[in-house]
Amino acid sequence: MSKNNLFNEEAKAKIKELAENIDFAMMETHLGAKPTHIIPMSTKDVDEDGCIWFLSNKNSEHNGHIDADNSIQLIYSKPSDMEFMTVFGNAFISTERPVLEKYYGKSDDAWFEGIDDPNLTAIKVIPKDAHYWDTKNGKLVSLLKMGMGALTGEKQDLGEEGNLKI
């Protein structure tokens, strides 16, 4: 894999591309404890500042952990496309009506009693450090390149990885 560190606008664009393409992240809170707390969460949006948004229940264990210590780790993984990203940052809980209206969708009715549910919150993650691995061409092409490398003994460009700095 080639190394390609991205900064500022390029980093924000890469975070948005991968987070929205992969969608589900493993959200890790309570980072100072053993074990940490990890839960799958669906990404609602990556805004123009590179912040990642989720909806959550105010009584959830992870919201409680964020209230106590807002350090957070997000782990995105889509093996079928060989796309991966890890994001470390700080999380903030919002109950502001315009924010909730922006991110609430019909599919969220499975978790909440509508937009007026008093337990509905949004979580905003501000990335401090991120790293990605992306094959650029998908799993099939990567597997073919690995096979070619094994046959010829030549290193193949399987994609890129790098740090994302906003």
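This section describes the fold, the nonpolar cores, the aromatic pairs and the salt bridges of a predicted model.

The protein contains 4 helices and 10 strands. Read from the N terminus, these elements follow the order β-β-α-β-β-β-β-α-β-β-α-β-α-β. Of the contacts in the protein with a separation of 6 or more, 69% are accounted for by residues 24 or more positions apart. Buried residues make up 43% of the 166 residues. The accessible surface of the protein comes to about 9100 Å², and carbon and sulfur atoms hold 55% of this surface.

In soluble globular proteins, nonpolar side chains tend to be buried together. In the present model, the largest nonpolar core has 24 residues, of which Ile52, Phe54, Leu74, Tyr76 and Met85 touch the most other members. At least two residues of this core are supplied by each of H1, S3, S6, strand S7 (71-78), strand S8 (83-94) and S9. The largest share, 5 residues, comes from H1. A second, separate core consists of 10 residues, among them Cys51, Val99, Tyr104 and Phe112.

The surroundings of tyrosine 76 were also examined. With its neighbours within four places in sequence left aside, tyrosine 76 is in contact with Ala19, Ile22, Asp23, Phe24, Ala25, Thr43, Ile52, Phe54, Glu83, Phe84 and Met85. Ile52, Phe54 and Met85 thus appear among the contacts of tyrosine 76, and these residues are also listed with Tyr76 among those that touch the most other members of the largest core.

The aromatic pairs in the model come to 2. In one of them, the ring centres of tryptophan 53 and tyrosine 103 lie 5.0 Å apart with the planes at 25°, so the pair is classed as stacked; the limit for this class is under 30 degrees. Tryptophan 53 belongs to strand S6 (residues 52-57) and tyrosine 103 to helix H3 (residues 97-103), and the pair links distant parts of the chain, 50 residues apart. Tryptophan 53 and tyrosine 103 are both buried.

Side chains of opposite charge can pair when their charged atoms come close. Over the whole structure, 12 salt bridges were found. One of these joins the side chains of aspartate 134 and lysine 14, with an N to O distance of 2.7 Å. Aspartate 134 lies in strand S9 (residues 120-134) and lysine 14 in helix H1 (residues 8-22), so that this pair links parts of the chain 120 residues apart. Both aspartate 134 and lysine 14 are buried.

A further salt bridge is formed within helix H1, where the side chains of lysine 16 and glutamate 20 meet at 2.8 Å, N to O. Because lysine 16 and glutamate 20 are 4 residues apart in helix H1, about one helical turn separates them. Lysine 16 is partly exposed, its relative accessible area being 32%. Glutamate 20 is likewise partly exposed, at 39% relative accessibility.

Aspartate 129 and lysine 165 also form a salt bridge, in which the closest N and O atoms are 2.8 Å apart. Aspartate 129 is located in strand S9 and lysine 165 in strand S10 (residues 160-165), so this pair ties together parts that are 36 residues apart in sequence. Aspartate 129 has a relative accessibility of 35% and counts as partly exposed. Lysine 165 is partly exposed too, with a relative accessible area of 33%. Elsewhere, Lys14, Glu17 and Asp134 are joined into one network by salt bridges that share partners.

On the surface, a nonpolar patch is formed by Met26, Ile38 and Ile75, which together have about 230 Å² of accessible area. Methionine 26 is part of strand S3 (residues 24-29). At 36% relative accessibility, methionine 26 counts as partly exposed.

Histidine 65 is located in helix H2 (residues 61-68). The relative accessibility of histidine 65 is 13%, and the residue therefore counts as buried, the limit being under 20%. Not counting residues up to four places away in sequence, histidine 65 touches Thr29, His30 and His37.

Conventions. Residues numbered from 1 in each chain as written. Predicted model: local features only at pLDDT ≥ 70, side-chain atom pairs only at ≥ 80, totals over all residues. Heavy atoms only, no water. Phe/Tyr/Trp six-rings, centres within 6.5 Å; stacked < 30°, edge-to-face > 60°. Buried < 20%, exposed > 50% of the residue type's maximum accessible area, 1.4 Å probe, protein only. Contact = heavy atoms within 4.5 Å. Areas by Shrake-Rupley, 256 points an atom, 1.4 Å probe, with all protein chains shown as cover. Salt bridge = Lys/Arg side-chain N within 4 Å of Asp/Glu carboxyl O. Patch = residues over 30% accessible without salt bridge, like charges linked within 9 Å, V, L, I, M, F, W, Y side chains within 5 Å. Core = buried A, V, L, I, M, F, W, Y, C linked by side-chain atoms within 4.5 Å.
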